[in-house]
Amino acid sequence: MANKTIDHAITARSLTAAASDPTHAGILSFMRRKYTKQLKGVDTVVWGIPFDAATSNRPGARFGPQAMRRASAIFDNDPQYPFERDLFADMATIDYGDCLLDYGNHARTPVTVEREAARILKSGAYMLTLGGDHFVTYPILKAHAALHGPLALVQFDAHQDTWPDEKGRIDHGSFVGRAAREGLIDVERSIQIGIRTHAPDDCGIRIVYGYEVEDMRAEEIADTIVRHVGSQPAYLTFDIDCLDPAYAPGTGTPVAGGPSSAKILSVLRKLGALHIAGSDVVEVAPAYDHADMTAIAGSTIAMYMLGLRAEWLAERRG
């Protein structure tokens with residue numbers, strides 16, 4: 001026990017130090033990263049947005065960040081599969097905590113999220129966001145586009161989220177259409193994977209439907225994504241309902257006929273050639289979950305996003 005620590009999320013002296021908390025104890029930041037609002041010297045920020053007022057079906061995704069942090073405790077200590085490395089040994093990573101939102105004034109949510117996202121990005125850090133419903137991706141995209149220009153959207157989802165809406169509405173089913181109209185995304189380089197519903201407009205975005213995902217190997221799906229996006233800076237957004245409800249029942253709008261978590265994780269592992277400028281995992285609603293299986297899937301997807309970032313940094317730093 002001499003070398004063990006507890007509550008690494010607040011006692012850590014280094015942003016690259018490994019934690020040794022028991023998986024069943026200790027303060028639950030994402031993967032035991034230090035809780036801090038200090039951005040100096042930080043490579044990667046994990047941030048939560050506990051918001052679900054834009055849902056069109058079952059609410060509860062406001063509890064998603066908590067659930068994914070709790071589930072991420074299983075990743076502590078060991079080199080992370082399948083990256084075969086301590087993701088944080090050379091990638092200073094913090095848990096920035098959650099975005100403070102006024103639950104009684106949802107109209108303020110977009111500007112609040114965008115402003116805080118812009119502050120984080122201004123530091124030069126990469127940002128991984130834990131949602132929250134999928135509307136939160138819209139103000140996050142605004143902050144990223146202000147820095148990088150139009151982004152290629154790589155969207156894993158059962159829904160296109162391109163439904164028409166009115167200015168000022170807050171809706172998780174229309175944010176992609178709005179982002180396309182406002183030039184936040186490059187529709188010619190954007191792609192949606194796992195779609196199992198229809199919307200009136202595809203906005204010119206490439207779609208890989210659920211039945212196609214079923215027939216394709218993971219390598220084929222990844223190659224399709226990489227070829228379509230090319231060298232364009234990309235934003236990777238993962239709605240947990242991309243997965244079949246058998247693997248992710250804890251979500252607001254589940255759609256049958258989706259892929260397994262194993263297949264999609266294999267796809268993510270093969271996206272290292274992309275220039276991923278930012279990412280999120282959204283729509284985890286733990287009230288409908290069983291045995292934390294959706295939270296585990298969501299936290300694993302988030303961990304893969306960090307793994308891709310760690311490899312990207314290592315490659316550029318030599």
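Visitor: Why is Ala-291 called exposed?
Guide: Its relative accessible area is 62%, and exposed means over 50%, buried under 20% and partly exposed in between, with a 1.4 Å probe and protein chains only. Ala-291 is therefore exposed. This is a predicted model, where local features need pLDDT of at least 70, side-chain atom pairs count only at pLDDT 80 or more, and totals for chains, interfaces and linings use all residues. Residues are numbered from 1 along each chain as its sequence is written, and side-chain values use heavy atoms, leaving out hydrogens and water.

Visitor: What makes the backbone at Ala-291 worth a look?
Guide: Ala-291 has a positive phi, near 55°, and is a residue other than glycine. Most residues other than glycine have a negative phi. You will find Ala-291 in the loop between E9 and H9; strands are DSSP runs of E with at least two residues, helices runs of H or I with at least four, numbered from the N terminus.

Visitor: And Glu-283, is it buried or exposed?
Guide: Glu-283 has 3% relative accessibility, so it counts as buried. Glu-283 also lies in the loop between strand E9 (276–282) and H9, and has a positive phi of about 70° although it is not a glycine.

Visitor: How do you know that the peptide bond joining Tyr-81 and Pro-82 is cis?
Guide: Omega is about 0° there. Pro-82 sits in the loop between H2 and strand E3 (93–98). Another cis bond joins Gly-131 and Gly-132, with omega about 15°, and Gly-132 belongs to the loop between strand E4 (126–131) and helix H4 (137–148).

Visitor: Why are H2 and H9 called roughly perpendicular?
Guide: The axes of H2 (residues 64–71) and H9 (residues 293–317) cross at roughly 80° and come within 8 Å. Roughly perpendicular covers 65 to 115 degrees, so H2 and H9 fit that term. Ala-67, Met-68 and Ala-71 of H2 meet Ala-295, Ile-296, Gly-298 and Ser-299 of H9 (contact: heavy atoms within 4.5 Å). These contact residues divide into five nonpolar, two polar and no charged.

Visitor: What makes a space inside this structure a cavity?
Guide: On a 1 Å grid over the protein atoms alone, a 1.4 Å probe must fit at the points but be unable to get out. The search finds two cavities of 30 Å³ or more, and the second largest holds about 60 Å³. Its lining, residues with an atom within 4 Å of a point, includes Tyr-126, Leu-271, Arg-309 and Trp-312. H9 gives the largest share of that lining, four residues.

Conventions. Axes are lines fitted to C-alpha atoms, for helices over the stretch in contact, and angles run from 0 to 180 degrees between N-to-C directions. Angles under 35 degrees count as roughly parallel, over 145 as roughly antiparallel, 65 to 115 as roughly perpendicular and the rest as oblique. Ala, Val, Leu, Ile, Met, Phe, Trp, Tyr, Cys and Pro count as nonpolar, Asp, Glu, Lys and Arg as charged, and the others, Gly among them, as polar. On a 1 Å grid over the protein atoms alone, a cavity is a set of points where a 1.4 Å probe fits but cannot get out, and a pocket is an open set with protein on both sides within 12 Å along at least five of seven lines; lining residues have an atom within 4 Å of a point. Grid points are joined across faces, edges and corners, and a volume is the space filled by probe spheres set on the points.
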